[in-house]
Amino acid sequence: MSHAAPVPVLTIDGPSGSGKGTISALVAEHLGWRLLDSGALYRAVGYAAGMAGLDLSDVDAVTRCAQSTKIHFRAAGDGGQTRVIVNGHDATDELRTETAGAAASAIASMPSVREALVALQLGFRKAPGLVADGRDMGTVIFPDAAFKVFLTASAAERAKRRYKQLKEKGLSVTLGGLQREIEARDSRDASRAVAPLKPAEDAVLVDTTGMGIDEVVAKVLSVVQP
């Protein structure tokens, strides 16, 4: 074991709708670092399990699937969304579906699957550095990360962003309904027994309410490059 300095990690955690995905991809691109979208890992395993025709309630089979699924991220480069490659197949669009979301949610509650995915996530830590986007990156997966950010935004603002996203996809949604959903998810996430959603004690809190994307990116980069 050499005593080289560990590969630097910037963790970006926060609730859904806080803009983590967009910000993480832009920051990773700016730094020239690798990107880990941990939420997509659960979706990717759910997708791989579905492709293999597995029963999602079969914990052993899903755990084996989590251990063997090959997942990597490819930056779009043009500011477009990061491509997620699952077992050699670009599954980016499939992972955005409600089905993949439901599968991710089902398997994320299995401790043995979480464990298999911890090993996978740690494997993304390669030179020159890693930007890890998720909910427990700074608290559970990379507690020793040199740089930690916790992105947040008001439930109203997050509902507005989500509303805009879904409207662009042609889905009929109501702003009030989305905000209630987001608030319910927040309280569920903050109170769950396994890896509750909370900022690491040493994380820099960034409230993105009313901030533009460039402004948030600059603020996050200032944590890494003061």
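Biologist: Let's start with D37: which residues does D37 touch, not counting residues up to four places away in sequence?

Modeller: D37 touches F73 and D133 once those sequence neighbours are set aside. Keep in mind that we're looking at a predicted model. D37 itself belongs to strand β2, which covers residues 34–37.

Biologist: D37 is an Asp, so what about a salt bridge: which side chain of opposite charge is nearest?

Modeller: A salt bridge here needs a side-chain nitrogen of Lys or Arg within 4 Å of a carboxyl oxygen of Asp or Glu. For D37 the nearest opposite charge is R96, at 4.6 Å, and D37 has no salt bridge although it is buried. Its side chain does reach the backbone nitrogen of G39, at 3.2 Å.

Biologist: Which pairs do make salt bridges, for instance with R114?

Modeller: There are eight salt bridges by this rule. R114 pairs with D136, with 3.4 Å from N to O. Since R114 lies in helix α6 and D136 in the loop between β6 and α7, the pair ties together parts that are 22 residues apart in sequence. Both ends are buried: R114 has 15% relative accessibility, and D136 has 9%.

Biologist: And K148: what is its partner?

Modeller: K148 bridges to D202, where the closest N and O atoms are 3.1 Å apart. K148 is in strand β7 and D202 in the loop between α9 and β8, so this pair connects parts 54 residues apart in sequence. The two ends are not buried alike: K148 is buried at 5% relative accessible area, whereas D202 is partly exposed at 49%. Elsewhere, R83, D90 and D93 are joined into one network by salt bridges that share partners. Within it, D90 and R83 have their closest N and O atoms 3.0 Å apart.

Biologist: On to the core. Which residues touch the most other members of the largest nonpolar core?

Modeller: That core has 33 residues, and L36, F73 and F142 touch the most other members. Several elements supply at least two residues each, including α2, α5 and β6. The most come from α2, which gives eight. You've met F73 already, as a residue that D37 touches. F142 has contacts of its own beyond its sequence neighbours, among them V9, L36, A132 and K148.

Biologist: How many residues are in the second, separate core?

Modeller: The second core has 20 residues, including I23, V149, L151 and V216.

Biologist: Take F150 next: buried or exposed?

Modeller: The cut-off for buried is under 20% relative accessible area. F150 comes out at 8%, so it counts as buried. F150 sits in strand β7, and beyond its sequence neighbours its contacts include D13, P15, K198 and V206. F150 and K198 are 48 residues apart along the chain, with 8.5 Å between their C-alpha atoms.

Biologist: And G53: buried or exposed?

Modeller: G53 has a relative accessible area of 64%, so it is exposed. G53 is in the loop between α2 and α3, and its C-alpha atom is 32 Å from that of G14.

Biologist: Zooming out, how many helices and strands are there in the chain?

Modeller: The chain has ten helices and eight strands. Its radius of gyration is 17 Å, close to the 17 Å the globule rule gives for 226 residues, so the chain is as compact as a globular protein of that length. Buried residues account for 43% of the 226. Among contacts with a separation of 6 or more, 72% are between residues 24 or more positions apart.

Note on methods:
Residues are numbered from 1 along each chain as its sequence is written. This is a predicted model: local features need pLDDT of at least 70, side-chain atom pairs count only at pLDDT 80 or more; totals for chains, interfaces and linings use all residues. Side-chain values use heavy atoms; hydrogens and water are left out. Helices (H or I, at least four residues) and strands (E, at least two) are DSSP runs, numbered from the N terminus. Buried means under 20% relative accessible area, exposed over 50%, partly exposed in between (1.4 Å probe, protein chains only). Lys and Arg count as positive and Asp and Glu as negative; His and the chain ends are not counted. A polar contact is a pair of N or O atoms within 3.5 Å; within protein, one must be able to donate a hydrogen and the other to accept it, and residues adjacent in sequence count only if both atoms are side-chain atoms. Contact means heavy atoms within 4.5 Å. A nonpolar core is a set of buried Ala, Val, Leu, Ile, Met, Phe, Trp, Tyr and Cys residues joined through side-chain atoms within 4.5 Å. The radius of gyration is taken over C-alpha atoms; the globule rule is 2.2 Å times the number of residues to the power 0.38.
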